[in-house]
Amino acid sequence: MLNTTLRACALALPFVLTTPALTPAFAQEVRTAVTAASPDGSIVLTVSTDNDSRPTWSLSRKGKLLIAPSKLGFILTDGLNMVRGFSIAGSDKGQGNDRWEQPWGERRFVTDRYNEVTVRFRQSDVQGARLMNVHFRLFDDGVGFRYELPEQPGLKTMKIADETTEFDIAPKGTAWWIPGGEWNRYEQVYQKTPIDAVSTAHTPITMRLDDGTHLSFHEAALVDYAAYWLKRASGQTFRTTLSPSSQGARVIRDLPFNTPWRTIRIADSAAGLVENDLELNLNEPNKLGDVSWFQPAKYIGIWWGMIRGDWSWAEGPKHGATTTRTKQYIDFAAKHGFRGVLVEGWDKGWNGDWFGHGDDFSYTQSTPDFDLPGLAAYAKKKGVHLIGHHETGGNIANYEAQLDDAMKLYGGLGVDVVKTGYVADAGGIIAPGDKPGETHMEYHDGQRMAQHHLRVVETAARYHVAVNAHEPIKDTGLRRTYPNWVGREGARGMEYNAWGAFANGPDHEPTLVYTRMLSGPMDFTPGVLSLEGADHAPLASTLAKQLGLYLALYSPIQMAADFIENLAKYPSELDFIAKVPADWSESHLIAGAVGDYAMFARKDRNSENWYVGGVNDATARTVTLNFDYLEPGKTYNATIYKDGEGATYLSDARHRITYETRTFRKGDRYDLWLAPGGGAAMRLVAAKK
Ligand code: NOJ
Ligand code: CA
C-alpha cells in the first residue's frame with residue numbers, strides 16, 4: 001500500500017527525488033521507492049520492490065504509464081538467485097550536460113544531457129546478503145540502466161545463468177523484429193507483428209505504440225558480457241535472456257563489474273528514434289586518441305563475382321583475387337576517386353572446407369597468383385588503398401593465434417581497413433580452450449565473442465588498421481570508445497540479392513533504417529547498378545534506389561558493390577556515388593515511416609554541400625521534401641536522381657531514372673514521386689556568391 005501510494009506520487013512529480021539513506025536494518029523492514037525524471041520532466045522513473053521483495057522499475061512518459069513495474073535480477077549457476085529478498089539501502093543522484101565531438105559519423109557533435117540515479121539494493125541474509133546497484137540515466141529521448149556489482153564479502157565471481165531484467169510494456173502496439181538465437185544470426189527478414197506476438201528477438205527491436213510513441217530496445221557498451229535477446233514471457237512482458245556459453249554460466253565475471261546498459265529510445269516520431277544518440281552517449285569516450293589515420297571513404301572490390309558464383313575465393317581457374325584483376329580494380333578506383341579496393345580470397349585456406357571450420361586459413365600467406373606487397377605498392381602509387389579480408393569461418397582459435405602477425409602485415413603495407421568474417425551457423429564459433437588443441441563451441445554474440453571482437457579491434461588499432469566485421473556481434477555504440485571499429489554487417493545485406501529474385505524485399509531497407517541501423521553503421525554494400533544477381537535474379541530496387549541507399553544506410557566505408565564493368569555503364573550514377581560523402585556533420589530524417597520509406601538530409605562534413613535522398617517500399621508515393629535545414633540566404637544548385645515515369649521494381653522499368661537540375665533555398669518544398677521499390681538522391685552544392 002505504502003509502495004503504491006509513493007509510486008503514484010512519484011509519477012506525478014517531474015523532479016529527481018530520492019528517499020533518505022536508510023540503514024540496512026531499517027531498509028529490510030520498510031519498502032520504499034526512488035524516483036527520478038529526465039531533464040525536461042517528460043520521463044519519470046520509479047524504482048521499488050514488490051511484495052516478494054523483488055527489485056522493480058517502472059517508467060512513465062508525459063504522465064502515461066509506459067513500462068509497468070518490471071523485475072530486475074540474476075539467476076546464478078553456483079548460488080542462490082539474486083531476484084528476491086532485496087530492499088533499497090540508499091540512492092545517489094546526479095546529472096550530466098556535455099557535448100562531444102565524433103571523429104567521424106552521422107553528425108559531428110553529440111549532446112549528452114541526463115539526470116541519473118543509482119539505487120543501492122541489499123539482499124536479506126537468508127537470501128544471500130548480496131549487494132546490487134542499478135544505475136539509471138534518464139534522457140529526454142530515452143533511458144539506459146545497468147547493474148553495477150560492487151566488491152563485497154562472499155561474492156568474488158558471478159556465474160550468471162541468466163539475467164532477468166523485465167520490460168512490461170504497458171500500451172499496445174506493433175513491433176519490427178528478427179528472432180534471436182536462430183541459425184542465421186542477424187541475417188533475417190524482419191517481421192512486423194503486434195507486440196504480443198513477438199517471440200524471442202534480437203535487439204535493436206523497434207515498436208510503435210498505438211498512440212504513435214516510437215520505442216527501440218537495445219543495449220550499450222557490450223563489453224565482456226553476453227548479448228541479450230529480448231524474450232517475451234507473456235502478454236507484453238519481455239525479459240532479457242543472455243546468449244549461451246560453452247561454460248554453462250552465460251557470463252562469468254569477477255567483481256566489481258558493470259553490465260552493459262539496457263537501453264530504450266523513446267520518441268514521438270520515427271525521426272526522434274533515428275536522430276538519437278542514446279547508446280553512443282552511454283559508451284566510454286575515445287580510448288584510442290587521434291584516429292585521423294582512418295579516413296571515411298568509398299570502396300569497390302573483388303567481391304560481387306564471388307558472391308554471385310562467377311569467381312571463386314579458392315584457388316583455381318575461377319579464382320577472383322588475381323594480381324591482374326586487382327590491378328584493373330585499382331586502376332578503376334584511381335580513375336573514379338574510390339579510396340579503397342577490397343580483395344577477398346587473397347589468402348591461403350579457402351580450398352578446403354572453410355564454411356564453419358576455418359582451420360586452414362592463413363592470414364599472412366597469399367595465394368601464388370596474388371602479389372600482396374606488389375599490389376599494395378601499386379595501389380599506393382595510384383593513391384588507392386587495398387582493403388584487407390580475414391574470413392575466419394567462425395574459427396577464432398585459428399584467427400587469434402595469427403591475429404598480431406596478420407594486423408602487423410596489413411598495417412605495414414598501408415592496408416588500413418580490414419573486413420573480418422565469421423561465417424558459421426549460430427553456436428558454431430570455434431574458440432580456443434585453456435589447453436593446447438582444446439576448443440569450445442560458442443555463439444556469435446556470447447561473452448567469448450564480445451571479448452574476441454575487442455581483442456581484434458585493439459590489436460588492429462595498434463597497427464592503425466580499422467575493422468569492418470561481418471557475421472559480427474551486434475553494435476552497441478563501441479565505435480565511440482574504439483573509433484577504428486568502423487562498420488559491420490549484422491543484418492541481411494546486399495549479398496542476399498545475388499542468390500534469388502527479390503531476396504531482400506522492397507521494404508527491407510526502409511525497415512533496416514528504423515531497426516538495425518539504430519545500432520550503428522552497416523556495411524550493406526549498395527551500388528549494384530545492374531540491378532541483378534546471379535542468373536539475372538532481379539533486385540527489388542529501381543536504379544534511383546541504389547543511390548538513395550548511400551543516404552539511407554550510413555557507413556563511414558561505403559561500397560559500390562557491382563562489377564566495375566557494370567558501374568562504368570552508368571556514368572551519371574557512378575559520378576553520384578563517387579561524390580557522395582561517407583562522413584557527415586549533420587543528419588536528419590526529413591520524412592519517413594517505419595518499414596515504409598525514409599528520406600534523409602545530410603550535410604557533408606568537409607564542405608557546405610547537402611545530400612538528400614532515401615528509399616521506398618513497394619507502395620508508390622509522393623513525399624514533400626523540406627529544405628528547412630539549409631543555410632539562410634544561400635542558394636544551392638541541386639542535381640536530382642529520381643525514379644522515372646512508370647519506374648517499378650517489378651519489371652524492366654526498374655532502370656527508368658530521371659535527372660533534373662534546379663536550385664533550392666531554405667524554406668523551399670519539393671514534391672518527389674517514389675516508385676514501388678524506388679528511391680531518390682540529390683546533391684546540393686552551395687552556390688558561390
Ligand atoms: C559473408 C560476408 O557477408 C560476405 O561479404 C563475404 O564475402 C563472405 N562471407 C566470405 O567471407
Ligand atoms: Ca554475411
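**Entry 1: calcium site.** I looked up Glu471 in this predicted model and found a relative accessibility of 6%, so Glu471 counts as buried, the cut-off being under 20%. For Glu489 I read a relative accessible area of 1%, and Glu489 is buried as well.

I then listed the donors of the calcium ion (ligand 2): OE atoms of Glu187, Glu471, Glu489 and Glu495, with Glu489 entered twice, at 2.3 to 2.5 Å. I placed Glu471 in the loop between strand 28 (466-469) and strand 29 (485-488), and Glu489 in the loop between strand 29 and helix 10 (508-512); the pair therefore ties together parts that are 18 residues apart in sequence. Along the chain, I noted the donor spacing as E-x283-E-x17-E-x5-E.

Why is the arrangement around the calcium ion (ligand 2) irregular? I found that its six donor atoms subtend angles of 52 to 162°, which makes it so.

**Entry 2: helix 7.** I examined helix 7 (residues 372-381) and recorded Leu372, Leu375, Ala376, Tyr378 and Ala379 as buried. Seen down the helix axis, these buried residues fall within an arc of 160°, so they line one face of helix 7. An α-helix has 3.6 residues a turn, so residues three or four places apart point the same way. On the face turned away from the buried side I found the exposed residues Lys380 and Lys381.

I checked what covers the buried residues of helix 7; the cover includes helix 6 (323-336), strand 24 (385-391) and helix 8 (396-413).

**Entry 3: ends of helix 7.** At the N-terminal end I identified Asp371 as the cap, with a side-chain oxygen 3.0 Å from the backbone nitrogen of Gly374. Just after helix 7, I noted that Gly383 takes a positive phi of about 75°.

How values were computed: Residues are numbered from 1 along each chain as its sequence is written. Chains are lettered from A and ligands numbered from 1 in the order in which they are written. This is a predicted model: local features need pLDDT of at least 70, side-chain atom pairs count only at pLDDT 80 or more; totals for chains, interfaces and linings use all residues. Side-chain values use heavy atoms; hydrogens and water are left out. Buried means under 20% relative accessible area, exposed over 50%, partly exposed in between (1.4 Å probe, protein chains only). Helices (H or I, at least four residues) and strands (E, at least two) are DSSP runs, numbered from the N terminus. The arc is that of the directions from the helix axis to the C-beta atoms. Contact means heavy atoms within 4.5 Å. A polar contact is a pair of N or O atoms within 3.5 Å; within protein, one must be able to donate a hydrogen and the other to accept it, and residues adjacent in sequence count only if both atoms are side-chain atoms. Donors are N, O and S atoms within 2.8 Å of the metal (3.2 Å for Na, K and Ca); water is not among the atoms, so sites may look incomplete. Four donors count as tetrahedral if all angles lie between 85 and 135 degrees; four count as square planar and six as octahedral if opposite donors are over 155 degrees apart and all others between 65 and 115; anything else is irregular.
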